[in-house]
Each structure stands twice: as structure tokens, then as C-alpha cells.
Amino acid sequence: MADQAMSVTPYWELTFDADGDPAARQRDRLLAGVTERKVRDLVVFAHGWNNDRSGATRLYDRFLAPVPRLAPTARIGYAGVLWPAMRFSDEPIPDFPRAVAAEAPRRPVLDKDTRHALLESFPGRAILVEQIARLLEQQPPEEAELEEFGRLVRLLVEVVAPGPQALFAADTVAEGVPQSEPEMFAGSSAAACEEFARALAGLEASGARQGFGLPNPWEGAHELLRQATYYAMKRRAGTVGERGLGRVVGQLAKAAPGVRVHLVGHSFGARLVSFALRGLPEGVRTVKSVTLLQGAFSHYAFAARLPHDARAGGVLQGQQNRVDGPLVCCHSRHDSALGTMYPLASRMAGDSRSVADLGIAALGAKWGAMGYGGVRAVPGTRAYTLAEALRAKLPASGCVNVDAAAVVRRGGPPAGAHSDILHEELARLVLAAGRIR
């Protein structure tokens, strides 16, 4: 029944490949098991950046552990989505001591774990990974070498035809903006590296590390690689959500129509479960709630019209209406990964103006992320603090913004509080959104 010992039961794993194809035996065990175990509410959790199975299941175990105590009479089942994302080894993990994450060196090199993650996430491109690692290690001063670095990174993350991920390439740039590839690849790589370096220096200036002089453009190059892999994972999250999880939820609705499904996602996992709505078969109404934890995708994704372009809508416009319940978006102003680096990368994906031209505040307004400022430009969206949301009866449908800054607040630059989601209050919010008692 369960694929790994967990503190919550019954628990099933759902593994998908990069094209959204599920592990058939796991899927079939879930479809049969929910009926055998008389599950009424199924909580489906999708991780964001971590492609390590043990790390993802630890996240699910820790986050969901309070649920049986909070809803002791509910007949709840749990499913953990595993998909091929990746994590840079210097990023915090929601189940590791923060001191461990802080030990990573700041010099922009590729450590062994990050190289391994790149090789796992982009199979068949070992030579490219080694060339990228060599340039980061050597840090040659010539601008031409930064341009070569950008070329190698572009080759690393490009879509391999004729797989289905090519269909999701458009939503890896600014939602609603038709473009073949991000500006960070189409323009000057050296300029992009310098801009990322300046943004990183600005984040660190408010922390413990302060310095003088011009930022090292190779630190920006390291960030360019990170953002490029995020670009690929963002594309992949949409693929897995729509072609993978959405179809499985549809199959579950057919096999066990009485089971109420509650989708939960962190970071790019929030994007994944949102795209699953677009993949639901026509007429399926078994998704009773969606909870997005620090979602790493456009705050305009569900908008019918973009404020800066009335001719276009968000990539998921109207999909919140596929939920037979609320779509709850948790956001925090302490999430500097989404508050600074995400809008900068998104702007570089679809706009040629620099951060100096626009400023971070303006970037955030146009290119901001769900997990930093909540859902935008969707009429009727309700807003609560976390304490208010836990006291109130949440709306029966539509988008709901929940300011979770009271608990999602710990973490240093550059990520900030992006991974600070292991709080009982957020587990309670999932139950409140789904009206699970």
C-alpha cells in the first residue's frame, strides 16, 4: 500500500517522468487503494525544487504529521507526488537544520551535489555540465567567456523535440507574452550575469555579509545557471501537472467518484497542481480545494486580462473555476527568492529593460510571483491574514489570498523564507480550505 514508512497513513506515492507519464503500478495502487481503505478525502502534495525522493517524502511527512490529530475522525488518505525537479545544494531544505544550509560556500562554483543534480535533471548532457562547471571554477575575466557561458547554459536547458515539453515552452516566459525564448538567453549573457550579480549584492547588503566594490559577474553567472534550470523546471512542472497529475485525478474520479481531492503544492509544486486543473477531463468536479504554498509562478496566472496588456490573459485564466471549492494562495513578504530574484528573472524572460530602468518594486508589480504578493487581477479574490483565515469560514469557491508572513518568515538571502513552510498553522489551513473535519 504505502511506498515508504510515513507518520500518516494510508500514503501512496505518485511518480512522474519529465514528460508527465506516471509510474503505472503506483497509479494503479492509488486508484484501488482509496476504495479499499474507504478514503473520503485525499490530500495530494507536490514538492517544488527537490528531486531527491527521501527529501520530498520527509517534507510530506513533516508537513502532514499534525493532520491526524487535527482531524481525528476524518477518513483521510495521502499521496505524495514525485517529479524530476532539481535543487541547488546551497538552497535550504524544509527539514534540515538551517545551520547546514548556511555552510555552503559563496564562491560561484558547482559542487559535487549540484553537478549530480544537473546530470540527473538533464540526462545526456554531461559534457555541457562539465564545460559550465569549468568556467565557473576558472572565472576568466573576458566578457566573451561570459557570453560562452550563457550559450552553454542555453543548450543545457533547451527543449528536446519532439517530446511534449515543447508544448509548454511558451509558459516558461512571461504569461501572456508570445516569445520563443527568454530574453536572458536571447540578449547579452554578460549583461544578464552583471544584473544578477547586482541583485544578489543588494540582497546581501541588508544581511550579515556586506562588501565594497563592483559585484563579481561570475556570481551572477551562477545565478543565471540557477534561473535557467528554474526556467526548465517551470516548464516541466506545467507538463507534469497537466499531462500527468490532471489525468490521474480524472482517472481517480472515474474509479472512486466519492473521493474528495485536495491539491497542495510548494514552490514549483504549486505551479504543478495548478496546471493539473487544466489537465482535468471535462466534467470532473472532485477537486475540492487547492492550497498553494509560496507558489513560484506569475501572480497573474489566473487572470482573464493582464493589467499591462488587456488583450492577453494569464496562462491559467479561469482554471480556478475547475475547483469545487476555494483556491488558497499563501504568500509572504519575507520570501526574498520570490520578491526579488523571481521578478528579475521573469522580467529578463520577457522584457529588455534593465532593473535600473524599472526598479525592483516595478518589477514585482508586473513580474511578481504568487508566493510573494498573492493572486492578482482576479475579481472577487478575498484576502485574509493567516490568523483570520483559520478563524473564519473560508469562501466556498474562488481565489483566496492568505498572508502567511506571521509564520513563513525565517531564512537568509538570497532565498529568504521560501522554504519555511513546516508550520502546523499551514496544515490547519489545508484542512480549512477543504472543509475536512
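**Stop 1: the edge of the sheet**

Start by selecting Glu13 and Gly80: in strand E3, Gly80 is the bridge partner of Glu13. This is a predicted model, so treat every stop on the tour as a look at a prediction. Now widen the selection to the whole of strand E1 and strand E3 (residues 76-82), which run parallel and are joined by five bridges.

Next to select is helix H2 (residues 53-64), which packs on the sheet. H2 touches E1, strand E2 (41-46), E3 and strand E5 (287-293), and its direction makes about 150° with that of E3. Then add helix H17 (residues 424-434), another helix that packs on the sheet. The strands it touches are E3, strand E4 (260-266), E5, strand E6 (326-331) and strand E8 (398-403). Compare the directions of H17 and E5, which make an angle of about 150°.

**Stop 2: the whole sheet**

Show every strand now. In what order do the strands of the sheet come? Reading across, you will find E1-E3-E2-E4-E5-E6-E8-E7, an open sheet of eight strands with parallel pairing. Strand E1 (11-15) and strand E7 (382-385) stand at the edges; each has a single partner strand, so one side of each is left without a neighbour in the sheet. Turn the view to follow the twist, which averages 20° from one strand to the next.

**Stop 3: aromatic rings**

Time for some side chains. The model has four aromatic pairs. For one of them, select Phe45 and Tyr60: the ring centres are 5.0 Å apart and the planes meet at 35°, a tilted pair. Phe45 sits in strand E2 and Tyr60 in helix H2, 15 residues apart, and the pair links these distant parts of the chain. Are these two residues buried or exposed? Both Phe45 and Tyr60 are buried. Add Phe63 to the selection and you have one aromatic cluster, made of Phe45, Tyr60 and Phe63.

Another pair to visit is Phe149 with Trp218, which are both buried. Phe149 lies in helix H7 and Trp218 in helix H10, so this pair ties together parts that are 69 residues apart in sequence. Why is the pair called edge-to-face? The ring planes stand at 80°, with the centres 5.6 Å apart, so the pair is edge-to-face.

**Stop 4: helix H6**

Move on to helix H6 (residues 126-138). Its 13 residues reach 18 Å from the first C-alpha to the last, close to the 18 Å expected at 1.5 Å a residue. Colour Leu128, Val129, Ile132, Ala133, Leu135 and Leu136, the buried residues of H6. They cover an arc of only 160° around the axis, which puts them on the same side of the helix.

What covers that buried side? Show helix H5 (112-121), helix H7 (143-157) and helix H10 (217-255), which are among the parts covering the buried residues of H6. Then rotate to the face of H6 turned away from its buried side, where you will meet the exposed residues Ile127 and Gln138. Just after H6, pick out Gln139, which takes a positive phi of about 50°.

**Last stop: the whole chain**

Zoom out to see the chain with its 17 helices and eight strands. Of its 437 residues, 56% count as buried. Among contacts between residues at least 6 apart in sequence, 78% join residues at least 24 apart.

How values were computed: Residues are numbered from 1 along each chain as its sequence is written. This is a predicted model: local features need pLDDT of at least 70, side-chain atom pairs count only at pLDDT 80 or more; totals for chains, interfaces and linings use all residues. Side-chain values use heavy atoms; hydrogens and water are left out. Helices (H or I, at least four residues) and strands (E, at least two) are DSSP runs, numbered from the N terminus. The expected span of a helix is 1.5 Å times one less than its number of residues. Buried means under 20% relative accessible area, exposed over 50%, partly exposed in between (1.4 Å probe, protein chains only). The arc is that of the directions from the helix axis to the C-beta atoms. Contact means heavy atoms within 4.5 Å. Two strands pair if DSSP finds at least two bridges between them. Axes are lines fitted to C-alpha atoms, for helices over the stretch in contact, and angles run from 0 to 180 degrees between N-to-C directions. Rings of Phe, Tyr and Trp (its six-membered ring) pair if their centres lie within 6.5 Å; planes under 30 degrees apart count as stacked, over 60 as edge-to-face and the rest as tilted.
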